[in-house]
Amino acid sequence: MDGQPLRFDTKIAVLLRDDLAPWQRLNVTSFLVSGLGSQVPEVIGAPYEDADGVAYLPMFRQPVLVFEATKEVLRAAHARVLSRSLPRAVFTADLFSTGNDTDNRAAVRAVPTADLDLVGLAVYGPKGGVDKVVKGARMHP
């Protein structure tokens, strides 16, 4: 590389509700980005290897930008991501009380889209489209 920063025409963004406890912010972010990595293979880079030949799992090929917003801004972002049909993952408040993947999916399935108690949203897509989805949010401190 010639010393210039690598620019991406796509963006990975996580939007968290601003009233979450620190442990919840980390937990929600981890769960949300795992959804993107599993369904959007182009976001994953090549595996890593250290100087001793020990192999490590591949990670995202680009940064993940984390934002925070009020419940209202998060709800608006959810509507925008749905209208743009961008790849997305959601985390609802109900998932804090479940203990496994089956119950997680059942908790989301039980609630109509408009009534989801969103605490987090991850989105991937063209930079401009993702910027429009997270409009009104601020970078996480």
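In this predicted model, the loop that runs between helix H2 (71-84) and strand E5 (88-92) is home to Ser 85. This serine has a slightly unusual backbone entry: its phi is positive, at about 55°, although Ser 85 is not a glycine. Is Ser 85 buried or exposed? Its relative accessibility comes out at 56%, so Ser 85 counts as exposed, given that the cut-off for that label is over 50%.

Next come the pockets. Rolling a probe the size of a water molecule over the atoms shows where empty space is left. The largest pocket holds about 480 Å³ of space. A set of 18 residues lines this pocket, and the ones nearest its centre are Ala 89, Val 90, Leu 95, Arg 105 and Val 108.

Which elements build that lining? Helix H1 (22-39), H2, E5 and helix H3 (101-109) each chip in with at least two residues. The top contributor to the lining of the largest pocket is H3, which gives 5 residues. As for chemistry, the lining of the largest pocket splits into 9 nonpolar, 5 polar and 4 charged residues.

The second largest pocket has a volume of about 180 Å³. Its walls are made by Leu 6, Arg 7, Phe 8, Thr 10, Lys 11, Gln 62, Pro 63, Leu 65 and Lys 127. Sorted by type, the residues lining the second largest pocket come to 4 nonpolar, 2 polar and 3 charged.

How values were computed
Residues numbered from 1 in each chain as written. Predicted model: local features only at pLDDT ≥ 70, side-chain atom pairs only at ≥ 80, totals over all residues. Heavy atoms only, no water. Helix = DSSP H or I, 4+ residues; strand = E, 2+ residues; numbered from the N terminus. Buried < 20%, exposed > 50% of the residue type's maximum accessible area, 1.4 Å probe, protein only. 1 Å grid on protein atoms, 1.4 Å probe; cavity = no way out; pocket = protein on both sides within 12 Å on 5 of 7 lines; lining within 4 Å. Points joined across faces, edges and corners; volume = space filled by probe spheres on them. Nonpolar A, V, L, I, M, F, W, Y, C, P; charged D, E, K, R; others polar.
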